[in-house]
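Biologist: I should like to understand this protein step by step. May I put some questions to you while we look at the structure together?

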Amino acid sequence: MLYTDSAVAGETAGYDMGLIMLASVDGRRADEVLAYARETQHKKTICGLAVGLAFISYVWSTEQTEDTVTMFLAEKVKIPFRFILLYGDVYTVALAYVGSSNNGAIRKLLHVVVSDTSDDVHRAAVISLASVLFKNPGQVPRNVQLLSESYNPHVHCGATLALGTACAETRLQDPVDILGPMTKDPVDFVRQGAFVASRMILVQQSEASSPPTSSTPSLYVNIVADKHKDPMARFGVALGQGHIEAGGRNVTISLQSRAGSRNTSAIVGMVLFCQFWYWYPLAHCACLAFEPTAIIGLNGDLKTLKFEFISNAKPSLFAYPPPTKPPTKESVGKVATAVLSTTAKAKARERTKEKEKAAATANDGESEPKVEARGDVEMKVDEPSHSVSPAGDISPITSTVSNLPEASKSEGKALESKKRKSEPSFEKLSNFSRIIPA
């Protein structure tokens, strides 16, 4: 496949070779890959080969990593798209020092961010900070905050994916605050990364445990429903919602095992997921980082057991979100007939003419005006009588009506307090239940 001179097939072959020789430290194969990278003219093929070489150097020693980086820097001058090998160099450093929080690796990646001229290399260098620091997610917002304010949108995009990868399932407030303004960025792919990263951070979180999750679903629904939004932002919303709804909300994203060691398949999967910039199908590789959050009890014969256990937490903290209500069909009622202004004016003229005729006929007799005057006097007397009566004695009916809002408020508060008090501080769960780390 590599020698078919096809861009897409060559890129796929580069990824596959790196996955097959993951952490193999095979120098002879690496030389063959570099030899073909000198000959080909396809940018996508060189990108796949560069990431494949980074997979070969997974968790190498420091000396071997430095030799590989030096080789990349020397070879990048001989290759048409020389910046792509530096792109692979960045991932080589990230995978060699994965999860180590090595200061030298962080310094090298930050130096590439500020000194290189390629936007792709800038983005990859910022994303690689997550691979080095994912065991200390609290340090990532501090290192990425200044980069998120850069003038380069590619650095912004890298910052979003770095925060989402390193701070996944942590519900930290600092990365959420950094990603908030990025969801309104004028650049479409920056918004795309922000939508993906924000859902990765808030995965497996409820509204009771993490208040920022309450306003996010409505924002995502509005963006998906609006056909005028740009496609990249809508694609980011789809990816982010897919991450948080993965496995029926019964999985989480974790780059380390329960014992705290590196989860190789999850790390490799997230590196491939970040390559969806070049090839959208690679977004499915994020599934390699999913870890189930459920308790499944089996006996020696692999048969299910019936048992119950107690969760010492309020049910609302780890509850599933309420089901989405389907859109209701609005019944179409009768529309009021429109009345033209010309017809209204004609009817007004007819009414005025009838009044004038009635007044003319009333003025013909002498006794009729006196009756009309008496009628007018009676009407004038009746008006103040009606206006005075409500202002005089206050009836008990009006007083009770005025008191109704206060009574309803007090009743509502009493009901809310009863609901709050009625929620237990623990719950009993049975086998095959969702268990989320607190």
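Modeller: Please keep in mind that this is a predicted model. A fitting place to begin is the network of salt bridges that links Lys 43, Asp 120 and Arg 123.

Biologist: Which helix holds both Arg 123 and Asp 120?

Modeller: The side chains of Arg 123 and Asp 120 meet in a salt bridge, with 3.1 Å from N to O. The two residues are three apart in the sequence, which is about one turn of the helix. Both Arg 123 and Asp 120 are buried. The helix that holds them is α7, residues 119-133.

Biologist: How many salt bridges does the structure hold, and which residue forms one with Lys 44?

Modeller: The structure holds five salt bridges. In one of them, the closest N and O atoms are 3.2 Å apart, and the partner of Lys 44 is Glu 11.

Biologist: How many residues apart are Lys 44 and Glu 11 in the chain?

Modeller: Lys 44 forms its salt bridge with Glu 11. Lys 44 belongs to helix α3 (residues 43-56), whereas Glu 11 belongs to helix α1 (residues 7-20). The pair thus links distant parts of the chain, and the separation is 33 residues.

Biologist: Is Glu 11 buried or exposed?

Modeller: A residue counts as buried when its relative accessible area is under 20%. Lys 44 has 24% relative accessibility and therefore counts as partly exposed. Glu 11 has a relative accessible area of 0%, so its class is buried.

Biologist: Which residue forms a salt bridge with Arg 249?

Modeller: Arg 249 is in the loop between α13 (231-244) and β1 (251-253). Its relative accessible area is 10%, so Arg 249 is buried. The partner is partly exposed, because its relative accessible area is 34%. The closest N and O atoms of the salt bridge are 3.1 Å apart, and the partner is Glu 245.

Biologist: What is the phi angle of Arg 249?

Modeller: Arg 249 is not a glycine, yet its phi is positive. The residue is placed in the loop between α13 and β1. Its phi is about 65 degrees.

Biologist: How far apart in space are Gly 248 and Tyr 320?

Modeller: Gly 248 also has its place in the loop between α13 and β1, and its 46% relative accessibility means that it counts as partly exposed. In sequence, Gly 248 and Tyr 320 are 72 residues apart. From C-alpha to C-alpha, their distance in space is 9.4 Å.

Biologist: Are helices α10 and α11 roughly parallel or roughly antiparallel?

Modeller: The axes of α10 (residues 173-182) and α11 (residues 188-201) come within 9 Å and cross at roughly 150 degrees. An angle over 145 degrees counts as roughly antiparallel. Therefore α10 lies, with respect to α11, roughly antiparallel.

Biologist: In which hand does α10 pass α11?

Modeller: The crossing is the one just described, at roughly 150 degrees between the axes of α10 and α11. Its hand is left-handed.

Biologist: Which residues make the nonpolar surface patch of about 440 Å²?

Modeller: One member, Leu 302, is in the loop between β3 (294-295) and β4 (308-311), and it is exposed because its relative accessible area is 67%. Another member, Phe 432, is found in the loop between β5 (427-430) and β6 (433-434). With 49% relative accessibility, Phe 432 counts as partly exposed. The patch is made by Ile 296, Leu 298, Leu 302 and Phe 432.

Technical notes
Residues numbered from 1 in each chain as written. Predicted model: local features only at pLDDT ≥ 70, side-chain atom pairs only at ≥ 80, totals over all residues. Heavy atoms only, no water. Patch = residues over 30% accessible without salt bridge, like charges linked within 9 Å, V, L, I, M, F, W, Y side chains within 5 Å. Areas by Shrake-Rupley, 256 points an atom, 1.4 Å probe, with all protein chains shown as cover. Salt bridge = Lys/Arg side-chain N within 4 Å of Asp/Glu carboxyl O. Helix = DSSP H or I, 4+ residues; strand = E, 2+ residues; numbered from the N terminus. Buried < 20%, exposed > 50% of the residue type's maximum accessible area, 1.4 Å probe, protein only. Axes fitted to C-alpha atoms, helices over the stretch in contact; angles between N-to-C directions. Parallel < 35°, antiparallel > 145°, perpendicular 65-115°, else oblique. Left-handed = near helix turned anticlockwise from the far one by under 90°.
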